[in-house]
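Here is a report on the complex shown below. It takes up confidence, the interface, the strands and the backbone in turn.

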Amino acid sequence: MTHLARSRLVGWRLLQAIPVIVGIIIVSFLLTRALPGDPAAYFAGPAADAASIEQIRVSMGLDRPLPVQFVAYVQDLVRGDLGISISTGQPVMHELTTRLPASLELTGVALLFSIAIAMPLGILAATRPNSWVDHLCRAVVTAGVSLPTFFTGLALIYVFYYLLGWSPSPMGRLDFLHLSPPKVTGFYVIDALLARDLETARAALAQLLLPAITLGLFTLAPIARMTRAAMLQILEGEFIRTARAAGLPRRQVLFTYALRNAILPVITTLGMVFSFALGANVLVEKVFSWPGIGSYAVEALVVSDYAAVQGFVLTMALLFVTLNLIIDVIYTLVDPRLGLEE
Amino acid sequence: MNRREFLKGTSVLTAGAACLPFLKVMPAQAGGNETLVVVMGSTINSLDIHRSGTNRPSYQVAVNCYDRLLTFGTKTLEDGSLSYDYDNLQGELAESWEVSEDGRTLTFTLREATFWDGRPVTAQDVKWSFDRAVTLGGFPTTQMAAGSTTSPEQFEAVDERTFRITLPHASKLTLPNLTTPIAIVINSELALEHATDDDPWATEYLHRNPAGSGAFQVERWEPGQQLVYRRNPDWASGELPGAERIILREVPSASTRRALLERGNIQLSQDVPPRDAMELDAHPDVAVVSTPIENCLHVLCPNLRFEPFQDVRVRQAIAWAVPYEAIMQNAAYGRGVPMWGGDNSTPDDIQWPQPFPYRTNLDRARALMAESDYPDGFEVPLSFDLGQADWAESTALLIQEALGQIGITVTLDRIPGANWRTRALVDKQLPLHLENFGGWLNTPCYYFFWAYIEGNLFNSSNYHSDEIARLVDETLFMEMDDPDYAPKIRRMIEIAFEDVPRIPLYQPTLNVAMQPNIDGYTFWYHRQLDQRVLHSR
């Protein structure tokens, strides 16, 4: 696929994303309003009376008709203002830019961990079906999905922090001795390295390890399953038989021909797992006091914090669009046939 | 695996073990005398208690960073733990105060104190801060009204160090109300520098930047993660805090908080759930303090808007059917004060709360049901707040089972925290529900005012009694040593015994767990952690 064709694909995809995002803005606005509960009464405090609840309602702008509220929301959005989250008292934009990197860092490392285990495991299992490796793969996968993440998390804390003392205290991204590194990317490990502060980078990495393994154990199941299934299917293909018959080395058959063809569904799965894990690791975040985006969204939802919920949904939507785009571009890199369909 | 590979493996393990001491160095340093690490499960969302939307955990910033005019002294409870003393009012920013003959003019003389930026605290600052509290609306205004202070005209800065409050009528609640976290004194000049036309009370600025004269300053605030207090060496309104720096970390999971405390990485854990408190108590290296929360009750509320509950015999039948002992063991894990099994249907004293004259007696409950207009029973949903599930869930299950035995079919209705206030307290539509109001000001009339007067927020049973309404009206501002006070309160409690629109289950406790070498922890009615008195031995 030529360079031009690829940038056309990217442009076309971005164009397609616009109606999706407009739809999401409208739906998230309406859905948050449809939530039961009255944020004004909730935020008026423990001993408020009807008059003070009304005061809060006016100050939150909730006394105005819905279309007026929506227009105001869109106007703010155009200026890049996502509003102020009432439950945390911070601008939503600020919260998302500090919490999203925390989640991305955790999910990214978790995914690297699970790829490092799941892909070799899946390939080995596919090349030796029904051998002990295959059974091991099956056992790991089953255990990974069936153990709830909070349980794995607590068990890991109990063993590695409480009993052995190898892991630092599970208190979030850094323990209380280290100050957060100057913000460049928002990823603590990278920022600390950029600031040439090895000590903090090491501490941030140490904090990251247990939660990333917890999350990784959960996400490796779909990756391993998908790798195994795709490899099995490809390995039965005629071109593999031809390659083997032609006496190509085993390594070349496996990695150059089989894996390259099997990798497409695996990449799709990776994309899905990544975006799923980003929003769904609330329990891991809770157990490890990780200031991520999942727990932020859930707490905002529970107290009907409109601005925060809308900001979260919008961010996730943008993230999905970007992720899908990246995956599509990777497809064309991996399999040149895909680009020709246009 | 051959021998060589095995040896290689073990040497890797040994190398790993060699790293251990380095990892352990850090927590040991943190445990020094100068810095205390405290964890809590909730999040601080503002540094300004007057702002609308500021949540309850944030009140502790007002307690630790600001001064009030008055405070309470300390007393030692029966179990040796410390508590504030409602009967011992003391000056904080006020050096002395005078109450006029008719009780309607209160004059305060301020001590020589300075704000953190070095500016002296003046009566003008007090006036500005109180004006702010009564003007901004919402909770601060409601709380100020409890002390009969509702408008800025009532506050007067007479001179630099003299401040005066004028009241429409004398009230015993005004002085205690000045000790609440709401009645803080703010550096008005600094705040006004950041005020705008849209925001004349500088809520945007004070939301992130406290400006007080209190014992601690906020050194660092990362919402959702931590808040770091640093001691103010020039604090004039009390004894200098023992800790130079206090790191308050947010750790949402109760199990993680527990592991941190047991491992000795932190010094104190706030708001420990009853079950953890019970188990930590057995741990040799952890000290647990459980203090009954004054003027607070966990109650079962039959709503009089639901027709069967208009029959007092039905309400009494429920009060006889509730499995009090089982609730105490399974919901409160023994950490509470029984509020059942009183001997007398007329109270001997005005102590509040005090045990109601009911105990679990299903025969008596069935007899009352048979006499009532609903001998065949009825169906009713029992609602509770999911945010309170740690005690409410098991309590509701036990009540469901017990009421089933007297012919009342109960279904459980779990309501998410955000909807709870609206449905239970504002709309007051829940037929049967669990409620946990506690009054900050520790007088029985104050509790009755909020919980037994029709239309008031915590009367979620929609109960009305002409006599209680009259008695509350007469006693709310009356001095407690007035000879008329005690008989009126006793009568009030007697009616509450008889009518049971709120069936008390038990008085809950506030549980705090800490390292055994931490001294000075003091219980406060506002349930916030007073960091100023903590120190390690």
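Two strands count as paired if DSSP finds at least two bridges between them. Under that rule, E11(B) and E12(B) pair in the antiparallel sense, over 5 bridges. Val228(B) stands opposite Ile247(B) in E12(B).

**Confidence**

This is a predicted model. The predictor gives the complex an ipTM of 0.78 and a pTM of 0.83. Chain B has an average pLDDT of 89. In that chain, 94% of the residues score at least 70. Residues 1-32 of chain B stand apart from this picture: pLDDT stays under 50 there. The model has 16 contacts beyond four places in sequence for that stretch. Where pLDDT is low, the predicted coordinates should not be read in detail.

**The interface between the chains**

How many residues of chain B are in contact with chain A? The count is 44 residues of chain B, against 43 residues of chain A. Several elements of chain B each supply at least two residues to this side: helix H1 (3-30), helix H4 (139-146), strand E12 (245-250), helix H8 (254-263) and helix H14 (417-426). H1(B) gives the most, with 7 residues. Its range, 3-30, falls in the stretch 1-32 where pLDDT stays under 50. By class, the side of chain B that touches chain A divides into 17 nonpolar, 21 polar and 6 charged residues.

**A helix pair in chain A**

Two packed helices are described by the angle between their axes and the distance between the axes. In chain A, helix H5 (residues 92-127) and helix H13 (residues 293-302) have axes that come within 8 Å. The axes cross at roughly 130°. H5(A) and H13(A) are therefore oblique to each other. On the H5(A) side, the contact is made by Glu95(A), Arg99(A), Leu100(A) and Ser103(A). They meet Ile293(A), Gly294(A) and Tyr296(A) in H13(A). This contact of H5(A) with H13(A) has 3 nonpolar, 2 polar and 2 charged residues.

**The four-stranded sheet of chain B**

Chain B has an open sheet of 4 strands in the order E5-E6-E8-E7, with antiparallel pairing. Which strands form its edges? They are strand E5 (94-99) and strand E7 (155-159) of chain B, and each pairs on one side only. The twist averages 20° from one strand to the next.

E5(B) and E6(B) form a hairpin with 5 residues between them. In the turn, Gly103(B) has a positive phi of about 75°. Phe108(B) links two pairings: Trp97(B) stands opposite Phe108(B) in E6(B), and Phe108(B) stands opposite Phe163(B) in E8(B). Helix H3 (residues 123-135) of chain B lies across E6, E7 and E8 of chain B. H3(B) runs at about 175° to E7(B).

**Strand pairs of chain B**

A second hairpin joins E10(B) and E11(B), with 3 residues between the strands. Gly224(B) takes a positive phi near 85° in that hairpin. E11(B) pairs with E10(B) and also with E12(B). The table lists antiparallel pairs of chain B, each with one pair of opposite residues.

| Strand pair | Bridges | Opposite residues |
|---|---|---|
| E5(B) and E6(B) | 5 bridges | Trp97(B) and Phe108(B) |
| E6(B) and E8(B) | 5 bridges | Phe108(B) and Phe163(B) |
| E10(B) and E11(B) | 6 bridges | Trp221(B) and Leu227(B) |
| E11(B) and E12(B) | 5 bridges | Val228(B) and Ile247(B) |

**Backbone exceptions**

Most residues other than glycine have a negative phi, and most peptide bonds are trans. Chain B has departures of both kinds. The peptide bond from Trp352(B) to Pro353(B) is cis, with omega near -5°. Pro353(B) lies in the loop between strand E16 (336-338) and helix H12 (362-371) of chain B.

Ser148(B) has a positive phi, near 60°. Ser148(B) lies in the loop between H4 and E7 of chain B. Is Ser148(B) buried or partly exposed? Ser148(B) counts as partly exposed, because it has 19 C-beta neighbours inside 10 Å and buried status needs 20 or more.

Ala202(B) also has a positive phi, near 55°. Its loop runs between helix H6 (188-193) and helix H7 (203-208) of chain B. With 21 C-beta neighbours inside 10 Å, Ala202(B) counts as buried.

Terms used: Residues are numbered from 1 along each chain as its sequence is written. Chains are lettered from A and ligands numbered from 1 in the order in which they are written. This is a predicted model: local features need pLDDT of at least 70, side-chain atom pairs count only at pLDDT 80 or more; totals for chains, interfaces and linings use all residues. Axes are lines fitted to C-alpha atoms, for helices over the stretch in contact, and angles run from 0 to 180 degrees between N-to-C directions. Angles under 35 degrees count as roughly parallel, over 145 as roughly antiparallel, 65 to 115 as roughly perpendicular and the rest as oblique. Two residues are in contact if their C-beta atoms, placed from the backbone, lie within 7 Å. Ala, Val, Leu, Ile, Met, Phe, Trp, Tyr, Cys and Pro count as nonpolar, Asp, Glu, Lys and Arg as charged, and the others, Gly among them, as polar. pLDDT is the predictor's confidence in each residue, from 0 to 100. A residue is buried if 20 or more other C-beta atoms lie within 10 Å of its own, exposed if 12 or fewer, and partly exposed in between; C-beta atoms are placed from the backbone.
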